[in-house]
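User: I'd like a close look at one part of this model, with the side chains laid out properly. Here it is.

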Amino acid sequence: MNWTKKIYQGPLALLSAVLLAASAWGLSAPPAQAAAAQAAVPACSTGDHGLLKGLQAEHAASGTAPLNFSDIQFLNADTGRAAGNGFMIGTSDGGCHFQEIYKGQWSFRQIDFPDNVHGWALASVKGTAAAYLIATADGGSTWKRLTDTATVFDRIDFKDNKQGFGYSLASTYYTKDGGRTWRLIPTPANTRSAEFTSASSGYAVVVAPGAGYRIMKTSDGGATWSLSLKSAFAYPESGRVYANGDQVYALLYGGSGMSQTSYSLYASSNKGKSWSRVIAQNTAGGGPAPGNGAAQLTTGPASGKPGNMQLVGSSAAFLFGFSPAAEKVAVGRTYNGGKKWTNLPAIPGYDGLISFTGVTEGWMAVRGQNASSLYATEDGGSTWKLKFAFKGTEQ
């Protein structure tokens, strides 16, 4: 997603102003004023930064699930948001400080900010199952429900403050008025996932019962589709396709069992004209991975289940992996369009997701046994630094 920097007159901008003022005072003010300025801005922390104490106490007292992160999204290495069950927090200085952006009725499932002001989310009212499409025009402090009925979307992707896509299991929708109205984009029968890079160009994962998976491609807004990739598999069920510019990745699931998942990851660096099989992870519990032929690696990151992917620029891609049984999470990456893939060292955790904004800088939300935490990396996922942690209610 292409990010644009805009001035947000809210907690993130206020913090930036304080930090800039403190920096200026440190350069030109007398020592006493400089000391006062430094005292006004707390030192960097790795705990909960003193946020949402009341909400944390409510969850602990009621015995409900502790606060945890359901989605994160960063605009750059310094500025981003993390949201969960009834809250959203943010940072504008790389996680040295965090601020409360929202606290209220909405439990966020996914957040999507194409810039620092306009945002959309899939969210449910706490304690209910139905999800709604909601929008904000002030960086996330206040939200407005766009429809009175629950949404059919499982995922959203806004390219700017007007154009966006909504995805369900088999259907794709497009809006050009910020989500007020939508039109259905035709997708092939038995579609299990789609990804559009523009109103005209997109890809779909299609199930061919008894035969395997098909990756289909359109360049005319879904009017016609052509075959891009075939992957044989006896019992195809689900997959996910990711696309950014010339890069396309197809994540195809095999079976699951004994806390293990089999899958294959295919990569294309030329908009689906040709593919390479990057990962083919067979497991005892999940059986064989979809497809056949050589693969670079026989295990993915953390030797576990695949999570979300992030494609950056023209040739970099990152895949999150998690192994609940082994209690570890990790990232795998490529810097050359899938020609060479590297699985990086794991850290403790049960599951999570990633948000990378460049080839070296990225963020990861991790759910552990007793905490939900945020980590940052400056070396492409090789090492991670703890930036924020909600402690659980377990004793």
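Which ring does the charged end of Arg81 sit over? Start there, then walk me through the core and the links around it.

Analyst: Keep in mind that this is a predicted model. The ring you're after belongs to Phe113: the charged end of Arg81 sits over it, 4.1 Å from its centre. There's another arrangement of this kind elsewhere, with Arg155 over the face of Tyr167 at 4.0 Å from the ring centre.

Now the core. The largest nonpolar core has 18 residues, and the members touching the most others are Leu52, Phe69, Phe87, Ile89, Leu374 and Phe388. Five strands, β1 (69-74), β2 (80-91), β25 (362-367), β26 (371-377) and β27 (385-391), each put at least two residues into this core. Phe69 makes a good viewpoint. Skipping its neighbours within four places in sequence, Phe69 is in contact with Ala82, Ala83, Gly84, Phe87 and Ile89, and also with Ala365, Ser372, Ser373, Leu374, Phe388 and Phe390. Apart from this core lies another, of 15 residues, including Ala316, Phe322, Ile347 and Val366.

Next, the aromatics. A search of the whole structure turns up 25 aromatic pairs. Take Phe98 and Trp363: their ring centres are 6.4 Å apart and the planes meet at 85°, which is over 60 degrees, so the pair counts as edge-to-face. Phe98 is in the loop between β2 and β3 while Trp363 is in strand β25, so this pair ties together parts 265 residues apart in sequence. Phe98 counts as buried because its relative accessibility is 6%, and Trp363, at 1%, counts as buried too. Phe320 and Phe322 pair up in another way: with centres 6.0 Å apart and planes at 20°, they're stacked. Phe320 and Phe322 are both buried. Back with Phe69, one aromatic cluster takes in Phe69, Phe74, Phe87, Phe98, Trp363, Phe388 and Phe390.

Last, the covalent link. One disulfide is found in the whole structure; it joins Cys44 to Cys96, with an S to S distance of 1.6 Å. The angle about the S-S bond is -95°, making the link left-handed. Cys44 sits in the loop between α2 (31-40) and α3 (53-62), and Cys96 in the loop between β2 and β3 (99-112), so the bond ties together parts 52 residues apart in sequence. The two ends differ in accessibility: Cys44 counts as exposed because it is at 52%, whereas Cys96, at 14%, counts as buried.

Terms used. Residues are numbered from 1 along each chain as its sequence is written. This is a predicted model: local features need pLDDT of at least 70, side-chain atom pairs count only at pLDDT 80 or more; totals for chains, interfaces and linings use all residues. Side-chain values use heavy atoms; hydrogens and water are left out. A nonpolar core is a set of buried Ala, Val, Leu, Ile, Met, Phe, Trp, Tyr and Cys residues joined through side-chain atoms within 4.5 Å. Buried means under 20% relative accessible area, exposed over 50%, partly exposed in between (1.4 Å probe, protein chains only). Helices (H or I, at least four residues) and strands (E, at least two) are DSSP runs, numbered from the N terminus. Contact means heavy atoms within 4.5 Å. A disulfide is a pair of cysteine sulfur atoms within 2.5 Å. Rings of Phe, Tyr and Trp (its six-membered ring) pair if their centres lie within 6.5 Å; planes under 30 degrees apart count as stacked, over 60 as edge-to-face and the rest as tilted. A charge sits over a ring if NZ of Lys or CZ of Arg is within 6 Å of the ring centre and within 35 degrees of the ring normal.
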